[in-house]
Amino acid sequence: MSEGLSTALTALLGALHEGAGGEPGLTALRELAGRLADTVVEPGPAPAPAPAPAPAPAPAPAPAPAPAPAPALAPAPVDLVRAVTDPGARARLHAWAEELARTLAARPELAERVAAAMDRHAPGSGAAWHQGDHVSFRGLFLREVIGVQVNVGPGTPPTAHDALPPRTAGFAGREVELERLLGALDPSAPGEPAVLVTAVSGLGGIGKTALAVVAGHTARGRGWFPGGALFVDLRGYDEAPGTPESALESLLGALGVPQEHLPVRADDRAALYRTALAERGRTHGPVLILADNASSADQVRPLLPGDARHRVLVTSRSRLPQLDARLLRLHELTGDAAHDLLERALRIADPGDTRIADHRAGAAALAGLCGHLPLALRIAVASLAGDPELSVEELTGQLAASRERLTLLADGERSVRACFDLSYRRLPEDQARALRLLALAPTAHSATEAVAALLDDRAPSAVLAGLVRVHLVERSGRDRWRMHDLVREYGAAVAAEEQDLSAESDAARIRVLEFYSTRTQAAVGLLRAPGLSGPDGLEDRDRALAWLVTEQENLVAAMAWNDHDGCAGLVAALASRLWAYLDWRRESGALSPERTPDATAGEIDGTSEADDTTAAPSYRPGWVDGAMDNLKREIAAHRASGDCESEAWAWNRLGSLFGEALRVDEAIGAHLTAVFLFETTGNWRGAGWAWNNLGTGLYHRRRVEGSLYAHTRARDIFQQVTGDRRDEGGAWTNLGAAFGALGRVREEIEACETALVLRAGPDDSLMTAHILRNLAGLQEETGDPGAARSYWVRAADAYAGAGAPSEAACARAMARAQPGAA
């Protein structure tokens, strides 16, 4: 036996005899003495015993084997040294050492006291006898024989009580969420019961871990968790997720429990973990446990402490409501927060780098292409930091031009696509299919009824709820769903890469186009004939209008599917049915002083959906009735004062409002009155406009001969009296419509061509676009698809120049739908 081992034995026996191990330690000494008293010890030389507190007297050597004396409180070291040479004694010592090790492992405070006391009972100077080496309690007596070590250390077992990862460099944009998180962790926060668990959830790459780590460091800095902070990565979305057993092993090790003392069963480990946490709480104070990257509540439950003073902070891509936790959901960053992250992260790489600060607009575009997702933003910063010559505009251009943006959002170690792969692989098949198909939706926002068409599922809410739980889809309003731009790109890429999924995708697009086309036809019909009733959701004119405004972006975007198998005819049908609404919307929008470019569907039906904006101009339905009442009072006032000309203008405006409300007969009567008053006062320009408006009303009343006469009269006034070419062009346009209604196609074409010459010009591009559209339709009727396509292309360009992107999209779709189009 080595001198070091003998010294360690002496130190341990002295520490236990002193009472450092408490009553369990004294009991262990008595048991050891009793076991050795039953052992026959061979005589032989022994090293001189080192001083030890009150050692039991060593039995005198006997010339022949004899029973050992009655057990004392503790055996002397010499007895142990002699006894280890005997196989029976060695087995008993081994068993005793195992029992002592289990006792100390279950009582960490006793283990610490024993380890500290051993220094005081080591022979020699006050220097530590272990010389910095860790000593095994289990192998302490028979290290060389048994060869098993459980590291305890000279004073305190090795622990990881400050195990939080470092703060993420350039952390930004989560001030509100950080305060909410700290409010849940604050031990002095009012309210009962205390919040034991807080779960931070969100899309992969959204910054959950970064926020949780910052919250942990902040809480520790405020002195809330003097017992320490433990960290465990549950690897919930890896191919081999972490188990509760492995997580408990990690946490118990952090608390200083030797691996050899870990129970095999998970329940036993959890019990030991709660016991160790409770003791840590009593001796040092509350502990914060950060369980990162959980995929289920089952991974987390065994890690919950029994002591309510402690707190558990969980991050997960799932919401985890089963934990009865305070739930905090993270969304993508705002524009300002994304800019701050880009700026701070780039400045960390080079404090003098001003590429983000100097190009705020470019940085905003870059953040948008990154979907305001922190992971994508940090990868973009890595690209800039790695290439000092790369400008923000160049990087933005690369991302915008790439058909596979996700492939560029990777830096060798981090990848947005790989991050999404982890979530996708864990989805059940019905949710995986739903993700792929929903990614094909025309825009990021979809109504439940459109999703039902995509998925061919009349009740898609259940499968959508599954995607919501893992934050691959989110609600954007009642019966509306939103998918993050990068998730949409990911889902579409997965669908495109699998050849056997192409038929599934084409069938989904056809179903959606059929739904949109049928629904649009019904909604436009209600605009024209408000007294009718439509299908569910389109019961009246106001609801039809609300649906068209809400879905306009989707309807227009769906026309980009023209090149997919089986979609061309449906796209053309949808475009033709959408024209009536777009024309009506342009006219009605011009009437309202309350028109806003970002009106929402919510503003029409009295609700507000902040995430559901559309580019369609609109107006408040009640405005028309109010304007009519005002004009009627104005007419009465002008009549009373004898101001016939002002009265005529008021009648003309009132007629337009009647037409807007589809009260056609009243519109005709108002315009007839305006014609009479204008001609009576000699205001020929006003008369021309009134005749033109009257012709439109007669046309809508199917009184086409009367419409032709009225528009001819308007043309003659503008041509021969006022000389206003622009107004004359408008009259020719309306004449063309009247000719068409009478089947006089050649005259209709000539009228439109004349109108095109008169109205052409940069200040009248919208009317020019309308005329080109009419000519395209006429060429289709005459059987000339080449000419029709040419007019459709010119109409699309004119609409785009006039700031009418929806009409431009319709025109492009019609151009692609022509026979022989490339």
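The following exercises, with worked solutions, concern nonpolar cores and salt bridges in a predicted model.

**Exercise 1.** Identify the residues that touch the most other members of the largest nonpolar core, and list the contacts of Leu366 beyond four places in sequence.

*Solution.* Step 1: the largest nonpolar core has 146 residues. Step 2: within this core, Leu366, Val416, Leu435, Tyr516 and Tyr581 touch the most other members. Step 3: with neighbours within four places in sequence set aside, Leu366 contacts Leu342, Ala380, Leu384, Val392, Leu395, Thr396 and Leu399. Step 4: a second, separate core comprises 31 residues, among them Leu230, Val232, Ala270 and Val287.

**Exercise 2.** Determine which parts of the chain the salt bridge between Arg480 and Glu551 ties together, and whether these two residues are buried or exposed.

*Solution.* Step 1: the side chains form a salt bridge with an N to O distance of 2.8 Å. Step 2: Arg480 belongs to strand β8 (residues 480-482) and Glu551 to helix α24 (residues 541-558), so the pair ties together parts 71 residues apart in sequence. Step 3: Arg480 and Glu551 are both buried.

**Exercise 3.** Assign the helices linked by the salt bridge between Glu679 and Arg713, and classify the accessibility of each residue.

*Solution.* Step 1: the closest N and O atoms of Glu679 and Arg713 are 3.4 Å apart. Step 2: Glu679 lies in helix α29 (residues 664-681) and Arg713 in helix α31 (residues 704-722), 34 residues apart. Step 3: Glu679 has a relative accessible area of 28%, and Arg713 likewise has a relative accessibility of 28%. Step 4: buried requires under 20% and exposed over 50%, so Glu679 counts as partly exposed, as does Arg713.

How values were computed:
Residues numbered from 1 in each chain as written. Predicted model: local features only at pLDDT ≥ 70, side-chain atom pairs only at ≥ 80, totals over all residues. Heavy atoms only, no water. Core = buried A, V, L, I, M, F, W, Y, C linked by side-chain atoms within 4.5 Å. Buried < 20%, exposed > 50% of the residue type's maximum accessible area, 1.4 Å probe, protein only. Contact = heavy atoms within 4.5 Å. Salt bridge = Lys/Arg side-chain N within 4 Å of Asp/Glu carboxyl O. Helix = DSSP H or I, 4+ residues; strand = E, 2+ residues; numbered from the N terminus.
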